[in-house]
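Reader: I'm new to this one and would like a close look at a single part. Could you show me the structure before I pick a spot?

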Amino acid sequence: MQKNEEKQEKKAEIKETGSLDLDESRAHHRIKLITIIGEIEGHDAVSGSTKATKYEHLLPMLAEIEDSCEIDGLLILLNTLGGDVEAGLSIAEMIASLSKPTVSLVLGGSHSIGGPLAVAADYSFIVPSGTMIIHPVRSNGMFIGVEQSFRNMVKTQDRITAFLSNHSHMTQDRIEELMLNPTQLVKDVGTMLEGPEAVAVGLIDEVGGLKEALAKLHQMIDENGTENG
């Protein structure tokens, strides 16, 4: 009876938040799995037919992970086209500030503000067919003060490129060069990097899948336990 209730609770957790406790690990580590998929939803709700990751779900969950004595590490699965910049950066900053070992795995893609989310982990993986798209900050709607709005967008873009640089093996200048590339994307500037390319330029640490990501996380948890011990 209790096992059935636990299974139902796990199913509900997956459905509601896209997260799961991997507490039956063969290495006896307790790992939290979270997914960042679809559009990153910020202050404005996305349409009902759009898959979305809500930052008001993730921020309390990340705080709980940091403070919990029952969680040893965090695995993040990403497949996102980007979304709200402020929400994405707030999630990325939370992930980067965790003391628990963290590993990210980019599956289909981690585009736009998904870039900081991918590199925020201590170690990042991307599958061979995965993609990363780096492009300038965009904005929709009416601009009251064009010059002031432009300056604000430049500042926001600088925050993104600085975060990417601080949490990857790329310089800020190189990131901006890829961001402003006019030769690759149709009707836009920017660069799309496939799995091996994202590793070659230093944005992502390694090409790999779930097996490699979990193995790395188990290794980091063991090392973290040794250091704390």
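Reader: Is Lys32 buried or exposed, going by its relative accessibility?

Author: Lys32 has 5% relative accessibility, so it counts as buried. Here, buried means under 20% relative accessible area, exposed means over 50%, and partly exposed is in between, with a 1.4 Å probe and protein chains only. A quick word on the ground rules: this is a predicted model, where local features need pLDDT of at least 70, side-chain atom pairs count only at pLDDT 80 or more, and totals for chains, interfaces and linings use all residues. Residues are numbered from 1 along each chain as its sequence is written, and side-chain values use heavy atoms, with hydrogens and water left out.

Now, back to Lys32. Its side chain meets that of Asp21 in a salt bridge, 3.0 Å from N to O. The term stands for a side-chain nitrogen of Lys or Arg within 4 Å of a carboxyl oxygen of Asp or Glu. Asp21 sits in strand E1 (residues 19-22) and Lys32 in strand E2, so this pair ties together parts that are eleven residues apart in sequence. Helices (H or I, at least four residues) and strands (E, at least two) are DSSP runs, numbered from the N terminus. Unlike buried Lys32, Asp21 is partly exposed, because its relative accessibility is 30%.

Strand E2 takes part in another such pair: the side chains of Lys54 and Glu41 also form a salt bridge, again 3.0 Å from N to O. Glu41 belongs to strand E2 and Lys54 to strand E3 (residues 52-54), so parts 13 residues apart in sequence are tied together. Glu41 counts as buried at 4% relative accessibility, while Lys54 is partly exposed at 29%. The structure holds five salt bridges.

Strand E2 (31-41) also supplies at least two residues of the largest nonpolar core. A nonpolar core is a set of buried Ala, Val, Leu, Ile, Met, Phe, Trp, Tyr and Cys residues joined through side-chain atoms within 4.5 Å. This one has 40 residues, and Ile36, Ile91, Met132 and Leu203 touch the most other members. Leaving aside neighbours within four places in sequence, Ile36 is in contact (heavy atoms within 4.5 Å) with residues including Leu58, Ile76, Leu78, Ile91, Ile95 and Leu117. Apart from that core lies another, of 15 residues, and Ile31 is among them, along with Val103, Leu214 and Leu217.
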